[in-house]
Amino acid sequence: MVETKSITEIKPLDEENYADLMTTVVEPALASVRRDGYMTFESGRKIHYEYYLCPNARASIVVSHGFTESAEKFREMDYYFLQAGYNVFAIDHRGHGYSDREVEDNAVAHVERFSGYVGDLNAYVENVVKPHSEGLPLYIYAHSMGGAIATLYIQQFPDVFKKAALSAPMISPQTAGFPHWVTRTMTTFFRLVGKGKQMVFTEKGFNPDATYETSHDTSKARFDYYYNKRRNTTQYQTCGASYNWVDQSLRIIPKMLDPKNCERITAKVMLFQPAEDASVEMEPQVEFISKVKGGRLVRIPNSRHEIYMSVNEALEIYLKTLFAFLAEEDV
């Protein structure tokens, strides 16, 4: 079981003993309350999910992971959420983790329509989250691609989530230094010649020798711990986008930035932005949050794209701000 604490008592794990603490404390505690399952759709496609329930929960939080990630990567955050007294629900988005894929190559993240992610999330909320959260408010915590999914979701289904914490959301992705119009032209060409499901040429496939220095993290201990899992688990080795995925990620930008869609959002929204980000563009995040009524932007120092994988100095600020936001009284 995970011991419930006041939010002021929740501190990041000691980085010097990080791997040992994750292995001997966090993982066993989570495993004791974790429930895994699959949603099976009419097409036969399966989406993997997991959830954690705690006694006398104050709310339920849905975790929406980023591009080439999985629910597994957020185990440390799940632990903190449980400590704070929240039920936690996490999903492997289609083409990621243990969910079914639309291509044979396990390394490729592919989706025909980005709306498919939103549909999967809604099915999860309706069929798993809500039945286990009766009477509780629902919140969503979402990173990068998962932040884009969450953004589209709260625009399309404004009455579901009371709060949304968006961590470096993919409002507009970086495209390897190419202007978006050039990238769109390229992806359109490859899709037209039948290569939409292939990995884009700028990606090199899974690299088992990747190093912390080139990562999106500022905590070496956190990077090393999760990357060891990636090396040993095929399902976690998704590492590059298909041409169609890139095309879809660019097509949704106008939808997320549309003032009318932003006006539909009724959830309280806090957007966390790292000190530096090589994965998503930062100005569109500022533009988006400025269009959300009451939206708040918080910049976290000494952090990269994966803020939740930062050194403790930054992570402590992140957690303190996040939990203060979640603890605000719902109105």
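## Sheet layout

Two strands count as paired if DSSP finds at least two bridges between them. In this predicted model, β1 and strand β2 (residues 46-52) clear that bar with seven bridges, and they run antiparallel. Eight strands in total build an open sheet. Their order is β1-β2-β4-β3-β6-β7-β9-β10, with mixed pairing. The edges are β1 (34-40) and β10 (296-300), each pairing on one side only. On average, neighbouring strands are turned by 20° against each other, direction ignored.

## From β1 to β4

β1 and β2 make a hairpin, with five residues between the two strands. G44 sits in the turn and has a positive phi of about 95°. Across the pair, Y38 has H48 in β2 as its bridge partner. On to the next pair: β2 is joined to β4 by four bridges, again antiparallel. Here Y51 is matched with F89 in β4.

β4 then pairs with β3 in the parallel sense, over six bridges. V63 stands opposite A90 of β4 in this pairing. How much of β4 is covered? Six of its six residues are buried. In a regular strand, side chains alternate between the two faces of the sheet. In β4, Y86, V88 and A90 point one way, while N87, F89 and I91 point the other way. Both sets are buried.

## β6, β7 and the packed helices

Strand β6 (residues 138-143) and strand β7 (residues 163-167) run parallel, joined by five bridges. Y139 stands opposite K163 in β7. Helix α4 (residues 145-156) packs on the sheet and touches β3 (59-64), β6, β7 and β9 (268-274). The direction of α4 makes about 140° with that of β6.

Helix α10 (residues 283-291) also packs on the sheet. Its contacts are with β7, β9 and β10. The direction of α10 makes about 165° with that of β9.

## Helix α3

Does the length of α3 fit its residue count, and what span should 15 residues give? At 1.5 Å a residue, helix α3 (residues 115-129) should span 21 Å. Its end C-alpha atoms are 20 Å apart, which agrees.

α3 is mostly covered, with eleven of its 15 residues buried. Among them are G116, Y117, V118, D120, L121 and N122. Also buried are A123, Y124, V125, V128 and V129.

## Salt bridges around α3

The structure holds 22 salt bridges. Side chains of opposite charge can pair when their charged atoms come close. One such pair is R94 and D120, whose closest N and O atoms are 2.7 Å apart. R94 lies in the loop between β4 (86-91) and β5 (108-109), and D120 in helix α3. The pair links distant parts of the chain, 26 residues apart. Are these two residues buried or exposed? Both R94 and D120 are buried.

K130 and E126 form another salt bridge, at 2.8 Å from N to O. K130 has a relative accessible area of 34%, so it counts as partly exposed. E126 is partly exposed as well, at 35% relative accessibility.

## The network at R75

Which residues share a salt-bridge network with R75? They are E27, E50, E72 and K229. Within this network, K229 and E72 form a salt bridge with their closest N and O atoms 2.3 Å apart. K229 lies in helix α6 (residues 220-232) and E72 in the loop between β3 and α2 (75-83), so the pair ties together parts that are 157 residues apart in sequence. Buried means under 20% relative accessible area. E72 has 10%, so it is buried.

R75 belongs to helix α2. Its relative accessible area is 7%, so R75 is buried too. The side chain of R75 makes a polar contact with the side chain of Y52, at 3.1 Å. Leaving out residues up to four places away in sequence, R75 touches M22, V26, E27, L30, R34, E50 and Y52. Two of these, E27 and E50, also belong to the salt-bridge network.

Methods. Residues are numbered from 1 along each chain as its sequence is written. This is a predicted model: local features need pLDDT of at least 70, side-chain atom pairs count only at pLDDT 80 or more; totals for chains, interfaces and linings use all residues. Side-chain values use heavy atoms; hydrogens and water are left out. Axes are lines fitted to C-alpha atoms, for helices over the stretch in contact, and angles run from 0 to 180 degrees between N-to-C directions. Contact means heavy atoms within 4.5 Å. The expected span of a helix is 1.5 Å times one less than its number of residues. Buried means under 20% relative accessible area, exposed over 50%, partly exposed in between (1.4 Å probe, protein chains only). A salt bridge is a side-chain nitrogen of Lys or Arg within 4 Å of a carboxyl oxygen of Asp or Glu. A polar contact is a pair of N or O atoms within 3.5 Å; within protein, one must be able to donate a hydrogen and the other to accept it, and residues adjacent in sequence count only if both atoms are side-chain atoms.
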